[in-house]
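The following exercises are to be worked through with the sequence and the structure at hand. Each task is followed by a solution in steps.

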Amino acid sequence: MIEPEISVPVSVPAVVARLTDGEWHRLHPATPLLKGGFALIVVLGYVVSNLRERVLGMFLPRFNDGGDPVDYVVSHGIILQVLAAVAGLLILLIGGFYVSWRMHTFRITSEVVEVRSGILFRTNRKARLDRIQGINIVRPFIARLFGAAKLEISQAGHDANVHLSYLSSAAADDLRQEILRRASGTRAAERAAAVPVGTLLDRRVNELLAPELDPDAAPPESVVKIHLGRLFGSIFLGTGTVIAVLVVIGAAIWISVSGHLFVLFFALPGILGFGGYYVRRFSQSLRYTIAGTQDGVRVGFGLFSTSNETLPPGRIHSIEVSQSLLWRPAGWWQIRVNRASHTSSRGSANQANTTILPVGNLADVTAVLKLMLPDFIGEETSAFIESGMTSTGADGFTNSPRRAAWLRPFSWRRNGFAIVSGSLLLRKGAIWRRLIIVPQPRLQSVGLHQGPLLRLLRLASIQLHTVHGPITADLGAVDRDAALAFFTEVAAVAVRAGQLDTSHRWRSGELPA
Amino acid sequence: MDRLELPGVTWRRVSPRLVWVELVGGAGFLVVVLAAGVLMFLLQVWVALAALAAIAIVAIVNLALTPRRVRSIGYQLREDDLLFRRGIMWQRFVAVPYGRMQLVDINRGPIARGLGLSELKFVTAAAAAGVTIPGLTEAEAEQLRDHLVSVAESRRAGL
């Protein structure tokens, strides 16, 4: 065991300790450049080089009699004025960027992260730590050159995230770990026990910290990686390819019918577009890793521009494991999740950041599910999940009766649900196989429907309501009595699980009282 | 036929006056359809007239079923959750734990206000749940809202 005094700099690096002292701090000095400065320079350069003559002609009609703008300036003796105007503009812009950087400050206390920004229109955003839905660190290629990184703290709601862009790249990982540690409730519990005296508190905190020596900052022990060949294959067996093939067939028919080859000219941009799409998806999905850390699942990807996000426990509202028909021979699966935070920023391969595992085999899926549902996955549950994915029926699930074949001609045998410890499982689809897992503490409400057709067949459909996302957790054509029993039981389960849940302070139970 | 029925639940029904609110809404729609029908008759567009006639018949059947549909709306305040049902042809049941409440809305439309009725909307983080209890008297709605807020406070859960 390391002495507390020694472990001070080890567990909380000095930079992070300074940033999280509860005072206001500024962002990385290169922020203005990274945020808009480069774009401005590029745009200005473009405008000057392309539109120089036209712009000058527009403003100075007399200039049309030819020559260089420099000649014009020199010949009219207005060098000083022009230089002053250019300098003034530049000073104004740089000053604006500088002031905006000066005014953009943030602070991190033990309860909230707060950001204030804006020169004329001030904004102030405060985010409670125990409501954090995930922390994303994005390093765009250019920012990486400057050693800067963007920290994005996700909150529930639409674009309700707190952005700290940009921070020093080295500090970002440690800062995230520190924020998550504070959010996890370990410190809150400790604080209640200890008297808040400066050095003593520090020691107590550091004692606490000593066992968790940077599991995140160390090269992450990658649990699941995507094999290159598999990544390649999965992209080519995706919907994009189906569309491309259809377009090619359509074009071929058109050419053969009409006999005009000019169709090819229309097709060319499309082909180039598809090429770009594949290259982008491929390069962005490279180095995809999913690892379990103490404070949740860490999903990272990217070759040039990298991104990695940590999702604390209890922030995943439902999980869908799916397999399209094209992927079945290879045994590949995709995992998507519903999350409370909706961002307009996109993840790997330009998909919404709700895709946790773009492609993986059965073992990968099990490993990822174990990371996302650590409390829920036991031996028994694993068996359920495996049969939920691949089985064709007759197992622990309550499946649809034979008469459901009228509505589910292919999948009625495996169309069913199961209640396991901690989760609710819905299984459906024979062609496009899907298994939906809803953690019980995340269930908002449960619904039961029956229309005239379902009533005729003595069936009903059930819905598990979770936060909005790509997954809709519902199951149609269930036996009427089974659905009623499910509804009654899940209603009770939802109440119980909601009351027992402590995942908003996921490590609060760690300390001895 | 086998209708869905939850065992051991005594439903609290909403005010029968809600029928009038629904009837006025339905009648307004019917008037618009009939006006369009007259126009089509004058213009002698028979296909459109047939379509409008079909719509009008559906609307009339719908109007006739209104009292039955209003009677089907019910809710029950259980120990830890709110149970809600509605619909006769398309039956719908929802159970929401109180702790999941994000907010409660009370809305009053012009006709409902004239009849002294309110609509209470129970909002959770899941948009799909859609628990909206119409046809409560104003006092009932306010009392129910205060009750829901207080039980949600004591059973608060995260997202």
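Two strands pair if DSSP finds at least two bridges between them. Helices (H or I, at least four residues) and strands (E, at least two) are DSSP runs, numbered from the N terminus. The model is a predicted one, in which local features need pLDDT of at least 70 and side-chain atom pairs count only at pLDDT 80 or more, while totals for chains, interfaces and linings use all residues. Residues are numbered from 1 along each chain as its sequence is written, and chains are lettered from A and ligands numbered from 1 in the order in which they are written.

**Exercise 1. The contact between the chains**

Task: Determine which strand of chain B supplies the largest share of the side that touches chain A, and describe how strand S21 of chain A is joined to S4(B).

Solution.

Step 1. Two residues are in contact if their C-beta atoms, placed from the backbone, lie within 7 Å. By this criterion, 31 residues of chain A are in contact with 27 residues of chain B.

Step 2. Strand S4 (residues 91-97) of chain B gives the largest share of the side of chain B that touches chain A, namely seven residues.

Step 3. Sorted by class, this side of chain B has 17 nonpolar, four polar and six charged residues. Here Ala, Val, Leu, Ile, Met, Phe, Trp, Tyr, Cys and Pro count as nonpolar, Asp, Glu, Lys and Arg as charged, and the others, Gly among them, as polar.

Step 4. Strand S21 (residues 445-450) of chain A runs antiparallel to S4(B) and is joined to it by five bridges. In this pair, B:Val94 in S4(B) stands opposite A:Gly447.

**Exercise 2. Strand S4 of chain B within its own chain**

Task: Identify the partner of S4(B) in chain B and explain why S4(B) is described as largely enclosed.

Solution.

Step 1. Strand S3 (residues 81-86) of chain B and S4(B) run antiparallel and are joined by six bridges. B:Asp81 has B:Pro97 in S4(B) as its bridge partner.

Step 2. The hairpin of S3(B) and S4(B) has four residues between the strands, and B:Gly87 takes a positive phi near 95° in it.

Step 3. A residue is buried if 20 or more other C-beta atoms lie within 10 Å of its own, exposed if 12 or fewer, and partly exposed in between, with C-beta atoms placed from the backbone. Because six of the seven residues of S4(B) are buried, this strand is largely enclosed by the rest of the structure.

**Exercise 3. A covered strand and a cis peptide bond**

Task: Name the strands that pair with S6 of chain A, and locate the cis peptide bond.

Solution.

Step 1. Seven of the eight residues of strand S6 (residues 148-155) of chain A are buried, and the strand is thus mostly covered.

Step 2. Strand S5 (residues 132-139) of chain A is joined to S6(A) by six bridges and runs antiparallel to it. A:Glu152 in S6(A) is opposite A:Asn136.

Step 3. Strand S8 (residues 162-168) of chain A also pairs with S6(A), over six bridges and in the antiparallel sense. A:Ser168 in S8(A) is opposite A:Ala148.

Step 4. The cis peptide bond joins A:Ser165 and A:Tyr166, with omega about 5°. A:Tyr166 lies in strand S8 of chain A.

**Exercise 4. The nonpolar cores**

Task: State which residues touch the most other members of the largest nonpolar core.

Solution.

Step 1. A nonpolar core is a set of buried Ala, Val, Leu, Ile, Met, Phe, Trp, Tyr and Cys residues joined through C-beta atoms within 7 Å.

Step 2. The largest such core has 95 residues, of which A:Ile290, A:Val368, A:Leu425 and A:Phe487 touch the most other members. Helix H16 (residues 480-500) of chain A contributes the largest share, nine residues.

Step 3. A second, separate core has 29 residues, including A:Leu27 and A:Leu129.

**Exercise 5. Positive phi outside glycine**

Task: Compare the surroundings of A:Arg458 and B:Gln44.

Solution.

Step 1. Most residues other than glycine have a negative phi, and most peptide bonds are trans.

Step 2. A:Arg458 has a positive phi near 55° and lies in the loop between helix H15 (452-456) and strand S22 (459-465) of chain A. With 15 other C-beta atoms within 10 Å, A:Arg458 is partly exposed.

Step 3. B:Gln44 has a positive phi near 60° and is placed in the loop between H1 and H2 of chain B. With 8 other C-beta atoms within 10 Å, B:Gln44 is exposed.
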